[in-house]
Amino acid sequence: MKRIKPEHIFTGIIAALLTSFSGMVIIESARDLGLSELQLFSWMSSIYVMGGLISLVLTLKYRMPLIGAHSLATAIYLIPVMQGFSINEMVGGYLIAGLLLLVISQLKFLRDFITSIPNYIIEAMLAGIVVNYILSSILDLSSYVLVLAASVLAYFLVQVYLKNIPGFFGGLAVVFITALFIGFESFEVDQVVFAVAFMEPKIDMVTITVISIPVAVMILSNEVSISLSALKKNGYEVPFQQVVLSSGIGVSIVSMFGGHAAGIGGMSTTICSNAEAGVKSERYKSAVVAGILIVLFGLLAPLMITLMIAIPGELISIIVILTLLGILLSCFKSLMNLKSKASILIMLVSFVISAVNINIYILSAPLLSLIVGTILYAVFLKKTD
């Protein structure tokens, strides 16, 4: 670590910023749920401190970039699901999800079964949630539609012309320039450092069905599999069992403080494992930089949340849309590669159920999308695959 180079610092900062700003989704969710300030602080502090520490331990142990904090994809899944549960029921659901990951890490056949769910079904479900959220958000942004359009344009310009920088930062620059002109909302900093509150879990079969199992699947498919696929593509020997185990431990611990996930992240690991992070043997240093910054963000979560909330609400919504745009584009890119008509049809069914927000009894639209897509896949395609 004595010879950290500029490319390690640069990619580490980008990964940390991308991970930190994804917390905007959590802030929006907490507002909709009516959580107290302490509950929000506890949620954010726990996932970033624990996620950052897991990143640092695994990165230094295996000398490869294994980095993350929480799971943005899981947070997106939970947006429509949370409305029907109390915070204690959510905590119980997260706890069981963490324990499921611990079991999965030890049982190869169970890992293989969970990871056998086709990624395009999960991506179609995620794309549907994002589309539904973006369309509903746009209706509340009528007076900021030009800012939204300029942000999205900047997103794509950076994505196309600045290969080493995620498009998100182009859109974010437009948002902050706008905020400087219209001004920030007044705020008082009452608390600066790490704050957590123990929350008693409430567990029943509904929370296990609607929260625990989908959360475990989402973490495996959208964080673990993406991060390990990126590492494998870049020539690393991937420690699958250890990554799943660490995510299970992380989720189990942070669940008691309101956290939904803590472990290795897909996008941040992808950024730090690419060639832009330097020579292969030293790319882990960029993950160390990012991990330290993520832990610091968690330790100062109350301060960072206060500063984020000072941004006008409409601009926060635009930042959330920009955060989700990357996931949406990634999903559509994968779905465009589908060849068979049956796969495309299954994808469309899963997408529509999720996008239209179709609910049946205790089955939320995201979970119903996964179930229907997986059943259709088992009936029409599994034998041929």
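# Exercises on a predicted model

The buried residues of helix H9 are Phe 168, Phe 169, Gly 170, Gly 171, Leu 172, Val 175, Thr 178 and Ala 179. Keep them in view as you start, and remember that this structure is a predicted model.

**Exercise 1. Describe helix H9 and find what covers its buried residues.**

Solution.
- Step 1: Locate the helix. H9 runs over residues 168–182 and has 15 residues.
- Step 2: Check its span. From its first C-alpha to its last, H9 reaches 21 Å, close to the 21 Å expected at 1.5 Å a residue.
- Step 3: Look at what lies over the buried residues. The cover includes H1, helix H8 (145–161) and H15.
- Step 4: Move just past the end of the helix. There, Gly 183 takes a positive phi of about 90 degrees.

**Exercise 2. Explore the largest nonpolar core, then follow the contacts of Tyr 120.**

Solution.
- Step 1: Begin with the core as a whole. It has 115 residues, and those with the most contacts inside it are Met 24, Met 44, Tyr 120 and Ile 318.
- Step 2: Ask which helix gives the most. That is H15 (residues 313–335), with 13 residues.
- Step 3: Zoom in on Tyr 120. Beyond its neighbours within four places in sequence, Tyr 120 is in contact with Leu 335, Leu 338, Ser 343, Ile 346, Met 347, Tyr 377 and Leu 381.
- Step 4: Pick one of these partners, Ser 343, which is found in helix H16 (residues 341–356). With the same neighbours set aside, Ser 343 is in contact with Tyr 120, Leu 338 and Leu 381.

**Exercise 3. Is Ser 343 buried or exposed? Classify Leu 293 as well.**

Solution.
- Step 1: Recall the cut-offs: buried means under 20% relative accessible area, and exposed means over 50%.
- Step 2: Ser 343 has 9% relative accessibility, so Ser 343 counts as buried.
- Step 3: Leu 293, in helix H13, has 32% relative accessibility and therefore counts as partly exposed.
- Step 4: Place Leu 293 in its surroundings. Leu 293 belongs to a nonpolar patch on the surface with about 800 Å² of accessible area together; other members include Ile 4, Leu 17 and Phe 194. Helix H1 (6–21) and helix H13 (284–299) are the elements that give two or more residues to this patch.

**Exercise 4. Which residues does Ile 87 touch, not counting those up to four places away in sequence?**

Solution.
- Step 1: Find Ile 87 in helix H5 (residues 87–106).
- Step 2: List its partners: Leu 35, Gln 39 and Met 199.
- Step 3: Compare sequence with space for one pair. Ile 87 and Gln 39 are 48 residues apart in sequence, and their C-alpha atoms are 9.1 Å apart.

How values were computed. Residues are numbered from 1 along each chain as its sequence is written. This is a predicted model: local features need pLDDT of at least 70, side-chain atom pairs count only at pLDDT 80 or more; totals for chains, interfaces and linings use all residues. Side-chain values use heavy atoms; hydrogens and water are left out. A nonpolar core is a set of buried Ala, Val, Leu, Ile, Met, Phe, Trp, Tyr and Cys residues joined through side-chain atoms within 4.5 Å. Buried means under 20% relative accessible area, exposed over 50%, partly exposed in between (1.4 Å probe, protein chains only). Helices (H or I, at least four residues) and strands (E, at least two) are DSSP runs, numbered from the N terminus. Contact means heavy atoms within 4.5 Å. Patches are made of residues with over 30% relative accessible area and no salt bridge: like charges are joined within 9 Å, nonpolar side chains (Val, Leu, Ile, Met, Phe, Trp, Tyr) within 5 Å. Accessible areas come from the Shrake-Rupley method with a 1.4 Å probe; for residues, only the protein chains shown count as cover. A salt bridge is a side-chain nitrogen of Lys or Arg within 4 Å of a carboxyl oxygen of Asp or Glu. The expected span of a helix is 1.5 Å times one less than its number of residues.
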